[in-house]
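Here are some exercises to work through with the model open beside you. Try each task before reading its solution.

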Amino acid sequence: MIGDEDVLDGTDEPVERWERTRFHRKRDVLVVAVIGVAALVGGLLLWQSSDLRATTSQTASSPLESPARPAVFPPSLAEVWRADSSATPEPVTVGPALVTGNNTEAGGEVAGRDPLTGEVRWRYARDLPLCTVSSAWQLALAVYARTDNLLRADDPRKAGGCSEVTALWPETGQRGRPARPDEQRDNPYLGTRNSDAELGTRLLSDGTYVTATGDSLLTTWRSDLVQTMEYGRIGALQNPGKQPRNGCEYGTVAVVTGKIAVVERCPTDPGDRLTVYKATGEDDSEKPVEVASVVVGNDAKVVAMSEQCRLDPEAPDDVQQCTAVALPNPNRLVLLDEQGEQVRTYPLELAPDDLRGEPEGHTMSVNRVTGAVYWYTGSRTIALSLDDLRPLWTVENAMGPGTAFAGKILVPVTGGIAVLDPATGEVVANTPIDRGGHDGEITMSALGPMVFEQRGDTLVALR
């Protein structure tokens, strides 16, 4: 209508109001085709640059099965197979799999192997450098390095770090933990998250949380890989005053359930500081909660923690967390209680270089099995009681902390493996092993009837 006049009056043919949306003309069809091709090309370009294209995941056709443990200690051990594994600081035995990790020209690859034969049963690869491989929560954890980020130029993490964490189910190699039959999930759990761990990190598990070590930043995650705590130099300092101290460099780190101990070297302290803090903040805050923080001396190294220390002979039911710190000049092991008070000191007979320098990955070479912590000092292995972290016995000429196997403790020594009674440290057997001239540190693990040695970048299976 225009005024009172109907402009359509006198029109004999009815008007189809949607006529122009029909594709009667070749031009309309051509436009739609061009749009479709553009969408296809855009999707292809996006896929080519995506993480999906840069990831290879080959899961096992059937789940691996855990091999049976030996009923008695075998009369001898000999090499069965070996594999390159430069990204594992120690043999990663998790579930039924032995997991290796390597960097190639194409990127970092993680492989789940049959522990008996070394056969690769599943693979996971990225076009990124592989930082380290470890295990926690019955999962294999692979940490990859990334340099692409949107951080400011003045952020200390701008150059990148070990920031991509992936959890792999050891039976099949699938990402993430498969849902249980009675489990309800609101969202799919893909087993991969981004974090802020530093290059050269090691992963330390307390059974509940995993902490990534670093020179100036420690990052802690829970089992779904959600970050629960950052300690140290936070990127861009979004929350000033959140950290208890600034400008500190970190030495060795140790963990126990829900707590982290770190040696700090801060510009305002007269010596090294030992700080114990919680793996989670109060009320879901990521502000660190310190349990204790004290200056302990120079060149300190935190060796181990225990949550079941009985420090008062008159109160055997009084159990608390304690921390063991090694100090030089003279060499000694100092025990601190939950409040950071020094309660005991044990003299140590060590080689001159045992406490010099910082260990790789900011962690002492220890293995916690069968009610004790086995600490490799660099020249010998010392067993520490979990009841109070006191030294129990020592193995001379050791090459690593050792592991538990068939009711005994195995400690790698020059020319073989010492088989010990875990209670007394008595050597009950010596198994000769030809290591082909390898004279560096050896870390060990066991799975079923197999014993594994990590010799530098090589994983060796013994049976």
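**Exercise 1. Work out how strand 4 is joined to strand 5, and what lies on the other side of strand 4.**

Let us begin with the hairpin: strand 4 and strand 5 form one, with 2 residues between them. Strands here are DSSP runs of E with at least two residues, numbered from the N terminus. This is a predicted model, where local features need pLDDT of at least 70 and side-chain atom pairs count only at pLDDT 80 or more, while totals for chains, interfaces and linings use all residues. Residues are numbered from 1 along each chain as its sequence is written, and side-chain values use heavy atoms, with hydrogens and water left out.

Next, look at the pairing (two strands pair if DSSP finds at least two bridges between them). Strand 4 runs antiparallel to strand 5 (residues 107–113) over 7 bridges, and Asn103 stands opposite Gly108 in strand 5.

Now turn to strand 3 (residues 92–94), which pairs with strand 4 in the antiparallel sense over 3 bridges. Here Thr93 is placed opposite Leu98 of strand 4. The hairpin of strand 3 and strand 4 also has 2 residues between the strands, and Gly95 takes a positive phi near 60 degrees in it.

**Exercise 2. Describe the surroundings of Thr100.**

Start with its location: Thr100 belongs to strand 4 (residues 97–104). That strand is mostly covered, with 6 of its 8 residues buried. Buried means under 20% relative accessible area, exposed over 50%, and partly exposed in between (1.4 Å probe, protein chains only). Thr100 counts as buried because its relative accessibility is 2%.

Then list the neighbours, taking contact as heavy atoms within 4.5 Å. Leaving out residues up to four places away in sequence, Thr100 touches Asp84, Ser85, Thr88, Glu109, Val110, Ala111 and Arg113.

Finally, check for a polar contact (a pair of N or O atoms within 3.5 Å; within protein, one must be able to donate a hydrogen and the other to accept it, and residues adjacent in sequence count only if both atoms are side-chain atoms). The side chains of Thr100 and Arg113 make one at 3.0 Å.

**Exercise 3. Classify two aromatic pairs and say what they connect.**

First, the rule: rings of Phe, Tyr and Trp (its six-membered ring) pair if their centres lie within 6.5 Å; planes under 30 degrees apart count as stacked, over 60 as edge-to-face and the rest as tilted. The count comes to 6 aromatic pairs by this rule.

Take Tyr231 and Tyr277: their ring centres are 4.2 Å apart and their planes are at 10 degrees, so this pair is stacked. Tyr231 lies in strand 14 (residues 227–232) and Tyr277 in strand 17 (residues 272–278), so the pair ties together parts 46 residues apart in sequence. Tyr231 is buried at 1% relative accessibility, and Tyr277 is buried at 0%. Ring pairs also link Tyr231, Tyr250 and Tyr277 into a cluster.

For Tyr374 and Trp393, the centres are 5.7 Å apart and the planes at 45 degrees, so the pair is tilted. Tyr374 in strand 24 (residues 372–376) and Trp393 in strand 26 are 19 residues apart, and the pair links distant parts of the chain. Tyr374 is buried with a relative accessible area of 1%, as is Trp393 with 8%.

**Exercise 4. Give the strand order of the sheet that includes strand 26.**

The order is 23-24-25-26, in an open sheet of 4 strands with antiparallel pairing. Its edge strands are strand 23 (365–369) and strand 26 (391–396), each pairing on one side only. Strand 25 (residues 380–385) pairs with strand 26 in the antiparallel sense over 5 bridges, and Arg380 stands opposite Glu396 in strand 26.
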